[in-house]
Amino acid sequence: NEVSDDFAKLPFDGILGLGLPDSQPGANEFSFIENLNGAGYEPRSKFTLLLGNVGNSQLTLGGIESSNLLGGQTLWLPLSKTSASNWQFSVLDFTLDGHAQHFGSIEVAVDSGTSLLAADDGIRRWLVQQLSPKDCAAV
């Protein structure tokens, strides 16, 4: 119940916690799903989150909004055994501009409460090398 004035002038209402249940004391206090459960509601096991850059984000509880799926396809991935309370899964590789990078298997965590892209030092250096413009005039 403690809110900082830091968020008062920002153009959003707050952070919607969609994390998995956590065994740490107080960790579920801001979890939207856990608060629904605590209030007696039982959300179904499916929800979808569409994040947009211009205010068109959408949360669908209890199902999938198929009009938001690219090509009408859904890919279900099992959570990593090391995920704890994160939406974390293993990927075999990733692509840039549609081309496989042959990076190898890595763990990926998705967090609806941040726009931060974080990586260990090796992946970070590789991403900077691959994504930095070679010619700043072309940007």
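Trainee: Hi! What pattern does the protein follow when you read along the sequence?

Mentor: Hello! Read from start to end, the pattern is α-β-β-β-β-β-β-α. Keep in mind that this is a predicted model.

Trainee: Okay, and how many helices and strands are there in the protein?

Mentor: The protein has 2 helices and 6 strands.

Trainee: What share of the residues count as buried?

Mentor: The buried share is 14% of the 139 residues.

Trainee: And the surface? How much of the accessible surface belongs to carbon and sulfur atoms?

Mentor: Carbon and sulfur atoms hold 54% of an accessible surface that comes to about 11,500 Å².

Trainee: Let's zoom in. Where is the place of Ser80?

Mentor: You'll find Ser80 in the loop between strand 2, residues 58-61, and strand 3, residues 87-91.

Trainee: Is Ser80 buried or exposed?

Mentor: Ser80 is buried, because its relative accessible area is 12%, and the cut-off for buried is under 20%.

Trainee: What does the side chain of Ser80 make a polar contact with?

Mentor: The partner is the side chain of Glu107, at 2.8 Å.

Trainee: Which residues is Ser80 in contact with, leaving aside its neighbours within four places in sequence?

Mentor: Those are Gln88, Phe89 and Glu107.

Trainee: Gln88 is on that list. Where does Gln88 lie?

Mentor: Gln88 is part of strand 3. Gln88 is also a buried residue, with a relative accessibility of 12%.

Trainee: Which side chain does a polar contact join to that of Gln88?

Mentor: Glu107 again! The Gln88 and Glu107 side chains are joined by a polar contact of 2.9 Å. So Glu107 has a polar contact with Ser80 and one with Gln88.

Trainee: Leaving aside neighbours within four places in sequence, what else is Gln88 in contact with?

Mentor: Besides Ser80 and Glu107, Gln88 touches Leu79, Thr82, Ser83, Val108 and Ala109.

Trainee: New topic: Gly62. Where does Gly62 lie?

Mentor: Gly62 sits in the loop between strand 2 and strand 3, which is where Ser80 is placed too.

Trainee: Why does Gly62 count as partly exposed?

Mentor: Gly62 has a relative accessibility of 27%. Partly exposed covers values between the 20% and 50% cut-offs, so Gly62 falls in that class.

Trainee: How are the C-alpha atoms of Gly62 and Thr48 separated?

Mentor: They are 8.4 Å from each other, while the two residues are 14 residues apart along the chain.

Trainee: Last one! What share of the contacts with a separation of 6 or more comes from residues 24 or more positions apart?

Mentor: Such pairs account for 29% of those contacts in the protein.

Definitions and conventions:
Residues numbered from 1 in each chain as written. Predicted model: local features only at pLDDT ≥ 70, side-chain atom pairs only at ≥ 80, totals over all residues. Heavy atoms only, no water. Helix = DSSP H or I, 4+ residues; strand = E, 2+ residues; numbered from the N terminus. Buried < 20%, exposed > 50% of the residue type's maximum accessible area, 1.4 Å probe, protein only. Polar contact = N/O pair within 3.5 Å; in protein donor to acceptor, adjacent residues only side chain to side chain. Contact = heavy atoms within 4.5 Å. Areas by Shrake-Rupley, 256 points an atom, 1.4 Å probe, with all protein chains shown as cover.
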